[in-house]
Amino acid sequence: MEIELGKIIFRTVFTYLIIVVIFRLMGKREIGELSLLDIVVFIMVGEMAVFAIEEPKSNIAQAIIPMTILLLIQRFTAWASLKNQRFRGWFEGKPSVIISKGKIDEHEMRKQRYNFNDLMQQLRENGTKSIQDVEFAILEASGKLSIFEKSVNGSDGISSEGYVVPVIVDGKIQYGALEKIDKSEDWLMGEVKKRDLTVEQVSFCSIDKDGQIFVDIKNEKK
């Protein structure tokens, strides 16, 4: 009995340390920002940890090896998501605009299985009194609702929105974002050319609430 108890204690401590190492190697992300794969990995690792602790007669490698494989899968998908925007959008999901220029997009809400109770709850949690106070509301891939309230003193289409709009990501033009701020591809290409760059050379480009353009060049030396 004492031997069994000692095994359980050892396996519990050892498994705990292994899980800590695995989660540290997975990277730093808030609970609310976990991707679908992260959640699946967490659940499966937890199940394997229970197996390793509750079955002291089994070989602990039967739990450690699958945990390691899951870590490798997670690391590979994280790398693939970093390199390929299409893969990232398919695997982790894309943000959805629920309210655009004060207008609710019911079609997008139905597409995301998102109802008005969800919307009102997240508006209250943000401290927003009414839907009519919202200029833009974006449902992030994590399920969090990013809310941008209307500005009283906005002087143009961008500054009145009061937030940063990414228009180029990983060298790819974000046509949906351009449409939301009433800007054309030709306008964006002109802004890029002013900086003697091509779109493919741009890692990230955004427009802030004051209409200022930020450009980050790929592999730029510090």
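**Figure 1. The largest nonpolar core of the predicted model, with its most connected members.** This core holds 15 residues, of which I19, I22, M26, V41, V45, M67 and L70 touch the most other members. Three helices, α1, α2 (36-54) and α3 (61-83), each supply at least two of the core residues. Helix α2 provides the largest share, namely 6 residues. Within this view, V41 may serve as a point of orientation: leaving out residues up to four places away in sequence, V41 touches M26, L70 and Q74. Another core, of 14 residues, lies apart from the one shown, and its members include V167, L178, V199 and C205.

**Figure 2. A nonpolar patch on the surface of the predicted model.** The patch is made by L5, I9, V13, Y16, L17 and V20 and covers about 570 Å². One of these residues, V13, lies in helix α1, which spans residues 2-25. V13 counts as partly exposed because its relative accessibility is 45%, and the partly exposed class lies between 20% and 50%.

**Figure 3. Salt bridges around E191 in the predicted model.** Side chains of opposite charge can pair when their charged atoms come close. The count of salt bridges in the model comes to 2. E191 forms a salt bridge with K194, in which the closest N and O atoms are 3.2 Å apart. Both residues belong to helix α8 (residues 185-194); because they are 3 residues apart in this helix, about one helical turn separates them. E191 also forms a salt bridge with R195, and here the closest N and O atoms are 3.5 Å apart. Through shared partners, the salt bridges join E191, K194 and R195 into one network. The members of this network vary in accessibility. E191 counts as buried, with a relative accessibility of 15%, whereas K194 is exposed, with a relative accessible area of 62%. R195 is partly exposed, its relative accessible area being 34%.

**Figure 4. A buried acidic residue, E108, without a salt bridge in the predicted model.** E108 is found in helix α5, which comprises residues 106-111. Although E108 is buried, it has no salt bridge; K111, the nearest side chain of opposite charge, is 4.6 Å away. A salt bridge requires a side-chain nitrogen of Lys or Arg within 4 Å of a carboxyl oxygen of Asp or Glu, so a separation of 4.6 Å does not qualify. When neighbours within four places in sequence are set aside, E108 is in contact with S96, V97 and I98.

Note on methods. Residues numbered from 1 in each chain as written. Predicted model: local features only at pLDDT ≥ 70, side-chain atom pairs only at ≥ 80, totals over all residues. Heavy atoms only, no water. Helix = DSSP H or I, 4+ residues; strand = E, 2+ residues; numbered from the N terminus. Buried < 20%, exposed > 50% of the residue type's maximum accessible area, 1.4 Å probe, protein only. Lys, Arg positive; Asp, Glu negative; His and termini not counted. Contact = heavy atoms within 4.5 Å. Patch = residues over 30% accessible without salt bridge, like charges linked within 9 Å, V, L, I, M, F, W, Y side chains within 5 Å. Areas by Shrake-Rupley, 256 points an atom, 1.4 Å probe, with all protein chains shown as cover. Core = buried A, V, L, I, M, F, W, Y, C linked by side-chain atoms within 4.5 Å.
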